[in-house]
Every structure is written in C-alpha cells, then in structure tokens.
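Trainee: I would like to take a close look at a single part of this protein. Please go through it slowly and connect it to what lies around it.

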Amino acid sequence: MSKGDDVHELSIVCSIVDLASEAAEGRAVRRMTIEIGKLSGVEPEAVAFCFPEVARGTPLEEATLDIGVVDAAARCDVCGAEFATPDILTACPCGSRQFQRLRGEELNIKSIEVEEAA
Ligand SMILES: [Zn+2]
C-alpha cells in the first residue's frame with residue numbers, strides 16, 4: 001500500500017469518527033458498524049488500522065469497529081440483468097457497458113451503539 005492511500009483512508013476515518021461523535025451527543029460509543037463498497041476505493045484493512053489512532057480522545061475511543069464489505073452490483077440498461085461488478089471495468093454478461101451502478105461505491109455508517117445515559 002502506498003503512502004498516498006494511507007492518507008486517503010486516514011481522512012476518511014477522521015470524517016467517520018467526527019460524524020459518529022456528533023451522533024453520539026457526548027455519550028461514549030460502544031460499537032460502530034460501517035459499510036464499505038468494494039468499488040469505493042477504500043481499503044477496509046487500512047480503515048481498521050487507522051481507527052484506534054483517530055478514535056483516541058474521542059467518544060469512540062473504546063468503540064469496537066465492525067466493517068461490512070458490500071459487493072458491487074449493477075443493472076444493465078440493455079438487457080435489464082443485475083450482475084456483479086467485482087471491478088470497475090466489468091461489463092454485463094450480455095456484453096453491454098451501459099448500466100446503472102446499484103451498489104458497491106458506498107461508504108456508510110450503518111449503526112452506532114452508545115452507552116445508555118445513567
Ligand atoms: Zn446486459
């Protein structure tokens with residue numbers, strides 16, 4: 001992995017941690033689940049690696065990070081088939097390259113679990 005990629009993931013993890021901290025409204029976060037699309041260009045391993053460092057000193061400091069990887073899929077404009085697109089250049093089995101990407105480029109916080117207020 002190049003140094004450039006590290007910086008890319010680091011800034012992504014920073015914004016995820018910011019969003020989750022805001023959503024937690026001052027409570028400690030126990031667990032955060034995020035979804036990373038296979039075509040998002042984000043390496044789940046790099047996110048997992050950056051997370052403890054970024055989370056230090058935030059409400060997510062003690063949080064467990066769960067990462068779900070979302071397989072990419074698209075629907076063909078020509079034949080209507082839904083097909084997997086394991087990489088960005090995959091065409092429909094019918095040969096068409098005109099399609100709508102359905103999923104695989106997302107980077108979402110799926111859920112966070114916070115400490116209950118005492
Ligand atoms: Zn097709």
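Which residues are the protein donors of the zinc ion?

Mentor: Keep in mind that this is a predicted model. The protein donors of the zinc ion are the SG atoms of Cys76, Cys79, Cys92 and Cys94, and they lie 2.3 to 2.4 Å from the ion. The 4 donor atoms subtend angles of 104 to 115 degrees around the zinc ion, which makes the arrangement tetrahedral. For orientation, the ideal angle for four tetrahedral donors at a metal is 109.5 degrees.

Now find the donors along the chain. Their spacing in sequence is C-x2-C-x12-C-x1-C. Cys79 sits in the loop between β3 (73-76) and β4 (82-84), while Cys92 sits in the loop between β4 and β5 (99-103), so this pair ties together parts that are 13 residues apart in sequence. The accessibility of these two donors can be checked as well. Cys79 has a relative accessibility of 43%, so it counts as partly exposed. Cys92 has a relative accessible area of 4% and is therefore buried.

Next, look at the strands beside the site. β3 and β4 are paired in the antiparallel sense, over 3 bridges. In this pairing, Ala74 has Phe83 in β4 as its bridge partner. The two strands form a hairpin with 5 residues between them, and in that hairpin Gly80 takes a positive phi near 80 degrees. β3 also runs antiparallel to β5, to which it is joined by 4 bridges. There, Arg75 has Gln100 in β5 as its bridge partner.

Phe83 leads to another feature of these strands. The count of aromatic pairs comes to 1. The rings in question belong to Phe83 and Phe99; their centres are 5.3 Å apart and their planes stand at 90 degrees, so the pair is edge-to-face. Phe83 belongs to strand β4 and Phe99 to strand β5, so the pair ties together parts that are 16 residues apart in sequence. With a relative accessible area of 7%, Phe83 is buried. Phe99 has a relative accessible area of 19%, and since the cut-off for buried is under 20%, Phe99 is buried too.

From here, widen the view to another sheet. It is an open sheet of 3 strands in the order β2-β1-β6, with mixed pairing. β2 (64-70) and β6 (107-114) stand at its edges with a single partner strand each, so one side of each has no neighbour in the sheet. From one strand to the next, the twist averages 15 degrees. Strand β1 (residues 29-37) pairs with β2 in the parallel sense over 7 bridges. One example of a bridge partner here is Leu65 in β2, which is matched with Met32.

Val69 is a useful residue to pick out in strand β2. Its relative accessible area is 46%, so Val69 is partly exposed. Not counting residues up to four places away in sequence, Val69 touches Ile36, Lys38 and Pro44. Val69 and Glu43 are 26 residues apart along the chain, and their C-alpha atoms are separated by 9.7 Å.

The helices can be placed against this sheet. Helix α2 (residues 44-55) lies across β1 and β2, and it runs at about 170 degrees to β2. Ala55 is in helix α2. With 1% relative accessibility, Ala55 counts as buried. Leaving out residues up to four places away in sequence, Ala55 touches Leu60 and Glu61. Ala55 and Cys14 are 41 residues apart in sequence, but their C-alpha atoms are 8.2 Å apart in space.

Finally, turn to Glu9, which lies in helix α1 (residues 3-24). Glu9 has a relative accessible area of 1%, so this residue is buried. Apart from neighbours within four places in sequence, Glu9 is in contact with Gly41, Val42, Glu43, Ala46, Val47 and Cys50.

To return to the request: the site consists of a zinc ion and its donors Cys76, Cys79, Cys92 and Cys94. The tetrahedral arrangement follows from the angles of 104 to 115 degrees. When you go back to the model, start at those donors, then follow β3 to its antiparallel partner β4 and to β5, which also runs antiparallel to β3.

Terms used:
Residues numbered from 1 in each chain as written. Predicted model: local features only at pLDDT ≥ 70, side-chain atom pairs only at ≥ 80, totals over all residues. Heavy atoms only, no water. Donors = N, O, S within 2.8 Å, 3.2 Å for Na, K, Ca; no water. Tetrahedral: all angles 85-135°; square planar, octahedral: opposite > 155°, others 65-115°. Buried < 20%, exposed > 50% of the residue type's maximum accessible area, 1.4 Å probe, protein only. Pairing = 2+ DSSP bridges. Axes fitted to C-alpha atoms, helices over the stretch in contact; angles between N-to-C directions. Contact = heavy atoms within 4.5 Å. Phe/Tyr/Trp six-rings, centres within 6.5 Å; stacked < 30°, edge-to-face > 60°.
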